[in-house]
Every structure is written in C-alpha cells, then in structure tokens.
Amino acid sequence: MGNASAPFDAAAILADAQRKESLTDWGPGEFERPLRVLLDDYPNAGLNDIGTYILRSGIVHSLRMRLRTQEWVRRHPDILAERLAPPIVVVGMMRSGTTLLQRLLAADPRFSCAYGWEVVEVAPKLGYRFDGLDPRIAISEGREAKSRELAPDLFRIHPMYAREAEEEIVFLADAFLSHVPESGAHLPHYRSWLDDQDFTPAYRHLHRMLQFLQWQKRQRGEQAQRWVLKSPAHLGYLDLLRTQFPELHLVHMHRDPRTTIASGAGLNATLHAMHADTVDLPRVGAQWLERMGWTNDRAMTARDGWGPERVTDIGFDDAVADPIGQVSRVYEAIGLTLTSHAEDAMRRWLRERPREPARPPYGLKTYGLQPELVDERFSLYNKRFHEYTRRSQ
C-alpha cells in the first residue's frame with residue numbers, strides 16, 4: 001500500500017491490537033473481511049490527521065476488546081452458558097425518544113441495561129476480581145469530561161454518560177458490520193457494500209457480548225434480569241434481532257421524519273467535521289435521507305410478520321407529555337406489573353437525570369433537503385404510523 005493507506009493498513013492494525021493486549025486469539029465470528037473493506041475506503045475519505053488518529057484508534061480499541069473478551073471466555077467458559085431472557089428492545093429513528101424510553105425502563109431494578117462505562121470498555125483487564133468500585137467507571141467518567149471539553153458540539157447533540165443506560169450499537173460496530181462508520185466519514189464503497197451483506201455475524205457478536213456483560217453483573221452480585229436494549233440501528237435488521245432473541249418485545253418510537261432526518265443529518269455533519277476539514281453538507285443530508293428511508297422500509301417489511309402483541313408503538317409527543325403512562329403500556333404488553341417501587345424509581349430518574357445542554361437548531365435546508373422530499377420518501381411510513389407522527393413538529 002502507498003503512504004496514503006499506511007495508517008489504515010489492516011495487517012498493522014491487527015498487529016497493534018495484539019501487541020497492546022499480548023493476545024492473539026480473535027475468537028469466533030468472521031470480522032476481518034468487513035474490516036478490510038472499511039479500511040480500504042478510509043484513505044479516500046478526505047480525513048485530516050486528527051480524524052485519521054481518532055478513527056484508527058477506535059478500530060484498534062474494538063479489536064482489543066475482541067481479544068480481551070475471547071481470553072475471558074477461555075478462562076471462564078461458563079460465560080457462554082449465560083441465558084438471556086427475552087429483552088425489551090427500543091427502536092426508532094434518531095431523536096424519536098428512544099433514549100428516554102430505555103432509561104425510564106432501566107430505572108426499574110428488575111431490568112438490566114448496558115451502562116455507558118460498560119459500553120466504552122466492555123472487557124475489563126484480565127485478572128480483575130470484580131470487587132470494589134470498577135476502575136472502568138472512573139475511566140469512562142474521565143472520557144465523558146474530555147468529550148464535554150474537546151467536542152462540545154458532539155456532546156450537545158449526542159451526550160454519552162458513564163452512569164446512564166446506553167445503546168449497544170458499539171457491539172455491532174465492533175463486528176465491522178455497522179452503519180456507524182458512514183455517519184462520520186465519506187465511505188461510498190463500504191456504505192454501498194454493506195447494503196448487500198448478511199449482518200448475522202454482528203448480531204451473534206452482540207448476543208455474545210451481552211452474555212459477557214450479564215456474567216460480569218453476576219460477579220458483582222447483581223441479579224441479571226430481562227435486558228432493556230436500545231439502538232436506532234436495529235430498525236434495519238429486526239429479523240436478525242429476532243433470530244437472536246426470539247421472544248423479544250419491540251418498543252417502536254415514532255416522530256415526524258422532517259424532524260428526525262434533520263437531527264440525524266446534524267449529528268452526522270458534526271462527526272464528519274471532527275474527522276475532515278471539509279464537509280459536504282448536502283451530500284451528508286442526501287445520504288442520511290437515503291439510509292433512513294432504506295432502514296424504515298426494511299423495518300416495516302419485517303414488522304408485517306409480527307403480531308401486534310410483539311410490538312408497542314409510541315409517539316414522541318406522547319412520551320414527552322406522559323412518560324410514565326406510555327411506559328405502563330409496555331408493561332401491560334409484556335404482562336408485567338408496573339410496581340410502585342419501579343414507578344418511584346422512574347419518577348426519581350426524571351427529576352434527577354442529566355440536564356442535557358441545548359441542542360443547536362436543525363434545518364433540512366442546511367443539508368440540501370426540502371420538507372416535501374422527506375414527506376415523499378416517508379409517505380408509506382407516515383401513512384402507516386400517522387397517529388404517532390402527525391403531532392410532532
């Protein structure tokens with residue numbers, strides 16, 4: 001490879017991760033092929049030096065977590081015997097209220113979630129005994145503080161808190177079958193290549209990582225119970241999600257696509273600007289509209305085969321106006337009592353939750369998009385879910 005490709009040389013990156021961990025066993029699951037496709041696209045993405053460093057470091061970190069996880073499993077094979085109870089999975093386009101619903105449900109001590117500090121470094125250092133305060137919490141809190149300081153625009157749009165429930169999209173990204181990379185760089189080949197790929201390895205990896213997290217929770221004396229998962233990324237892969245978790249219950253959040261598309265484009269543009277000196281805003285907007293349209297079409301097709309008892313649809317406005325009332329619908333659907341203890345915990349979270357900084361205003365026109373174009377692309381979605389989207393602004 002030429003000098004332009006050197007930072008993203010696959011052999012060098014794989015070797016770096018192995019050297020840093022003093023481990024060589026990658027464990028099961030095919031990941032090198034998608035990783036190589038991704039790495040081949042980065043040299044032509046117009047990245048600056050900082051972006052190259054950030055993205056390369058993230059890939060090495062993902063690989064280190066894979067190596068470390070495999071060694072934990074080798075030493076403790078009972079990790080793979082962990083049984084995952086049917087999860088509640090919150091999905092919906094970005095800024096549709098998915099975070100609110102997940103964190104409300106996670107306030108119930110009967111549910112498990114992946115906290116921000118667990119997602120950032122899923123595998124503890126080898127030999128950790130799970131006694132005392134986990135050192136990964138302080139590490140994650142330090143990263144949270146650094147993010148506030150060095151990337152305030154990103155933190156305003158997508159804050160990640162060490163001690164709050166977080167989405168598990170990182171585990172899909174760690175399998176390198178994920179739409180995360182395209183959100184932060186111009187990767188036309190990898191982006192189009194993904195559309196025809198089977199994401200089964202990524203969802204198997206997700207299942208394995210949740211087993212590992214559940215095992216860790218048990219070591220800390222926590223009673224692992226039903227998981228509350230959340231990621232907008234699952235929308236395009238509901239059938240694969242159900243293959244891994246056959247009895248899951250889906251909570252599908254809805255909001256006017258005019259708002260969600262503008263918000264998602266804003267986040268992507270901010271990520272692009274962290275990695276490149278020049279950002280083509282209309283291109284970012286067009287690609288996000290295309291991706292979200294693709295994703296929602298797949299979600300609607302997948303849902304055609306699901307009975308209504310498997311899904312709770314919730315509108316963003318309803319969730320904001322009456323969060324406890326909407327959560328109670330989920331409990332009713334899964335046949336679980338919303339106890340006063342759980343409700344008190346949710347109301348306490350609503351009072352004490354992190355107060356997120358004001359987000360910058362989003363406008364479709366900033367990204368070369370017209371409201372009518374969004375309406376046209378999401379006409380079937382708006383027709384099907386009109387009672388949940390019509391009031392959103």
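Buried means under 20% relative accessible area, exposed over 50%, and partly exposed in between. Keep these cut-offs at hand for the exercises below. The model is predicted.

**Exercise 1. A charged pair under cover**

Task: Decide whether D313 and R303 are buried or exposed, and find what joins their side chains.

Solution:
- Step 1. Take D313. Its relative accessible area is 11%. The limit for buried is under 20%, so D313 is buried.
- Step 2. Take R303. This residue also has a relative accessible area of 11%, and R303 is buried.
- Step 3. Look at the side chains. D313 and R303 meet in a salt bridge, at 2.7 Å from N to O.
- Step 4. Place the two partners. D313 sits in strand β5 (residues 311-315), and R303 sits in helix α13 (residues 281-303). The pair links distant parts of the chain, ten residues apart.
- Step 5. Recall the general idea. Side chains of opposite charge can pair when their charged atoms come close.

**Exercise 2. A neighbour of that pair**

Task: Find the element that holds H252, and list what H252 touches.

Solution:
- Step 1. H252 is found in strand β4 (residues 249-254).
- Step 2. Its relative accessibility is 2%, so H252 counts as buried.
- Step 3. Leave out residues up to four places away in sequence. H252 then touches V91, G92, L235, R303, V311, T312, D313 and I314.
- Step 4. Compare with Exercise 1. R303 and D313 are among the residues that H252 touches, and R303 and D313 form a salt bridge.

**Exercise 3. Two more salt bridges**

Task: For E32 with R36, and for R110 with D108, give the N to O distance and the exposure of each partner.

Solution:
- Step 1. E32 and R36 meet through their side chains in a salt bridge of 3.3 Å, N to O.
- Step 2. Both residues lie in helix α2 (residues 32-41). They are four residues apart, about one turn of the helix.
- Step 3. Use the helix rule. An α-helix has 3.6 residues a turn, so residues three or four places apart point the same way.
- Step 4. Check exposure. E32 is partly exposed at 29%, and R36 is partly exposed at 38%.
- Step 5. Turn to R110. Its salt bridge with D108 has its closest N and O atoms 2.8 Å apart.
- Step 6. Check exposure again. R110 is partly exposed, with 22% relative accessible area, whereas D108 is buried, with 1%.
- Step 7. Put the pairs in context. The count for the model comes to 26 salt bridges. Some join into a network, which links E182, R191, D195, E290 and R291.

**Exercise 4. The two sides of a helix**

Task: Work out which residues of α16 are buried, which are exposed, and how the buried ones are arranged.

Solution:
- Step 1. Get the helix. α16 covers residues 340-352 and has 13 residues. From first C-alpha to last, α16 reaches 18 Å, close to the 18 Å expected at 1.5 Å a residue.
- Step 2. List the buried residues of α16: A342, A345, M346, W349 and L350.
- Step 3. Look down the axis of α16. The buried residues fall within an arc of 140 degrees, so they line one face of the helix.
- Step 4. Find the cover. What covers these buried residues includes α4 (98-106) and α15 (323-334).
- Step 5. Go to the other side of α16. There S340, H341, R351 and E352 are exposed.

**Exercise 5. Two residues of one helix**

Task: Compare I50 and R56 in helix α3: buried or exposed?

Solution:
- Step 1. I50 lies in helix α3 (residues 49-75), and R56 lies in helix α3 too.
- Step 2. I50 has a relative accessible area of 55%. The limit for exposed is over 50%, so I50 is exposed.
- Step 3. I50 joins Y53 and I54 in a nonpolar patch on the surface. Together they have about 330 Å² of accessible area.
- Step 4. R56 has a relative accessible area of 19%. That is under 20%, so R56 is buried.
- Step 5. Set aside neighbours within four places in sequence. R56 is in contact with P7, F8, A12, I13 and D16.
- Step 6. Check a distance. R56 and D9 are 47 residues apart in sequence, and 9.8 Å apart in space, C-alpha to C-alpha.

How values were computed: Residues are numbered from 1 along each chain as its sequence is written. This is a predicted model: local features need pLDDT of at least 70, side-chain atom pairs count only at pLDDT 80 or more; totals for chains, interfaces and linings use all residues. Side-chain values use heavy atoms; hydrogens and water are left out. Patches are made of residues with over 30% relative accessible area and no salt bridge: like charges are joined within 9 Å, nonpolar side chains (Val, Leu, Ile, Met, Phe, Trp, Tyr) within 5 Å. Accessible areas come from the Shrake-Rupley method with a 1.4 Å probe; for residues, only the protein chains shown count as cover. A salt bridge is a side-chain nitrogen of Lys or Arg within 4 Å of a carboxyl oxygen of Asp or Glu. Helices (H or I, at least four residues) and strands (E, at least two) are DSSP runs, numbered from the N terminus. Buried means under 20% relative accessible area, exposed over 50%, partly exposed in between (1.4 Å probe, protein chains only). The expected span of a helix is 1.5 Å times one less than its number of residues. The arc is that of the directions from the helix axis to the C-beta atoms. Contact means heavy atoms within 4.5 Å.
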